[in-house]
Amino acid sequence: RTNQAFDRFDTDGDGYITRSELRAALEFLGFKMDQDCGDKIFEHMSAHLKVGDRPMRGRDAEDDPTEVSLTPKVFQLMLKRLRLAELFTPTAGVFKWDEHETLSQCTITVADYDAENCAVHEPLAEDDGLSFFFGCRKAFPAPKKSFSAAVDQPPIRWVHLNAVKGLDRLTLLRLAVKYGVHPLAIDDVLDSKTSTKVDRYGNDYVVSLDLLGVVNSNTGSAEPPRVRIHRSHVTIMLTGPPERDTLLTIHQERGDKSSWLQMWRGGCDEESAAETGDLWKGMLADLRRGRDGTGSGCMAERRMPPKRMRQERADFLLYEVLHRVVQQIRPIAEAYAKRLGWMRQRPINQLSQACMDEVQDVKLEIYDFVRSIRPLKLVVKHFTEGDAIGPSAKMYMEDVGDAIEAMIMDIGQLTNIAETLESSHERYRDKKTNDTLFALSLLSGIFLPMQFFTGWYGMNFADMP
């Protein structure tokens, strides 16, 4: 749409916008400003042009022949900053924000990194927020002992929006303007029923998926606790090839009330949200580690993935997110296996009807569990078979698909265990019923001769002593 606006106001079609064309464009786009303000904007944006991009031309009567003109890239940057300025002054300008709408406690974490450096802002302070939204990422200084030629290349950036306590729509709109997020992707973030899927808008990829985790409710007893599952939602936005330099993640605390799993979420939301937050903290900890694996932590923690994360593009960070999401699903299957295994080891005569009702519920929960995992497998397949990610990330992504396939097979065994418990309990009830009927038949056989003689004497003798 920005390119369409540029072509609309480039009246002579030479690929540049002059001062007079810029004023007409801003007025058409709804930016109400006087001539002096428009001139200041033009002069400010002209400073972003490189020497080779400064065409000295004046085409209109009111244009200075020695004045520069704006390129499409600078024009897009100007519109982005003007929209951000409106979002940072929500009560002024064309954009009007409802003053009665409360802002939730959203926090933004920004991590810029390359193979040698890593800078993390956690959380993003107010002063740093202005420089983050209005500024541009800068390359890290070249190492002093580097013998290779310095390359002025911007670092990889990961932006994480923590919205587990509620989504701040104003912050979401600012991020959308900052990174040019498609409006349909924003609608999916705001929608409370978006399913697991992957979409492509232009050169960007947007992944929506459910984040599942088991609620840790250890009672201290030998009996495994009832399995309860916590459900939240993650939206991942990746800039496509060839850059692959930005990853945006949005984590929301959003339960699916249509799910059977919703029944087991009550009472442990805060604890579950804290456990889910460990996923992002672990990724930040891996990014902070040095290239050689040095840093805090034991030797087992100094493994290859942290080094690989720093050396690869943002598509490898996407793999890390999906890999850790799948890792959080594995304990759910293990919790169901422990609970069903404990029931299986108990004598069948000690299983109450409440336990059997729980087994029936578990079968429904496992079905819903698998229904939530299968779309994730399709998302991974989309990246492994397409060209959205690089060869290195694609190779690792195939392992994620294999892990999901193995997990679905293991969950199928849990269904077999539940069905075995049901069939064993049904056989036990049938045997118990047969034993009861046998006892009643035996008692009837004992008293049957006496009943026969009593009836015979009663019908053949009139006077009984």
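These legends walk through a few close-up views of a predicted model.

**View 1. The largest nonpolar core holds 64 residues.** Start with W158, I236, L247, L318 and F383, which have the most contacts inside this core. Helices α8 (269-288), α10 (314-345), α11 (353-385) and α12 (391-460) each supply at least two of its residues, and so do strands β1 (107-113), β3 (156-163), β5 (204-214) and β6 (229-239). The top giver is α10, with 17 residues in this core.

**View 2. Here we zoom in on I236 and the residues it touches.** Skip the neighbours within four places in sequence, and I236 is still in contact with Y205, V206, V207, L209, L247, L248, T249, L318, V321 and L322. Apart from the largest core lies another one, of 23 residues, and L172, I186, V189 and L248 are among them.

**View 3. A nonpolar patch sits on the surface.** Its members are L437, F438, L440, L442, L443, I446, F447 and M450, and together they have about 820 Å² of accessible area. Take L442 as a sample: this residue lies in helix α12. L442 counts as partly exposed because its relative accessibility is 48%, and that class runs between 20% and 50%.

**View 4. R324 pairs with two acidic side chains, D286 and E320.** The salt bridge between R324 and D286 comes in at 2.4 Å, N to O. R324 belongs to helix α10 and D286 to helix α8, so this pair ties together parts that are 38 residues apart in sequence. The salt bridge between R324 and E320 is 2.9 Å, N to O. These two are four residues apart in helix α10, so about one helical turn separates them. Buried or exposed: which word fits R324? R324 is buried, at 11% relative accessible area. D286 counts as buried too, at 3%, and so does E320, at 2%.

**View 5. R339 and E358 meet in a salt bridge.** Their side chains are 2.8 Å apart, N to O. This pair links distant parts of the chain, with R339 in helix α10 and E358 in helix α11, 19 residues apart. R339 is buried at 7% relative accessibility, and E358 is buried as well, with a relative accessible area of 10%. Salt bridges with shared partners join E223, R226, R339, E358 and E365 into one network. How many salt bridges does the structure hold? The count is 17.

Technical notes:
Residues are numbered from 1 along each chain as its sequence is written. This is a predicted model: local features need pLDDT of at least 70, side-chain atom pairs count only at pLDDT 80 or more; totals for chains, interfaces and linings use all residues. Side-chain values use heavy atoms; hydrogens and water are left out. A nonpolar core is a set of buried Ala, Val, Leu, Ile, Met, Phe, Trp, Tyr and Cys residues joined through side-chain atoms within 4.5 Å. Buried means under 20% relative accessible area, exposed over 50%, partly exposed in between (1.4 Å probe, protein chains only). Contact means heavy atoms within 4.5 Å. Patches are made of residues with over 30% relative accessible area and no salt bridge: like charges are joined within 9 Å, nonpolar side chains (Val, Leu, Ile, Met, Phe, Trp, Tyr) within 5 Å. Accessible areas come from the Shrake-Rupley method with a 1.4 Å probe; for residues, only the protein chains shown count as cover. A salt bridge is a side-chain nitrogen of Lys or Arg within 4 Å of a carboxyl oxygen of Asp or Glu.
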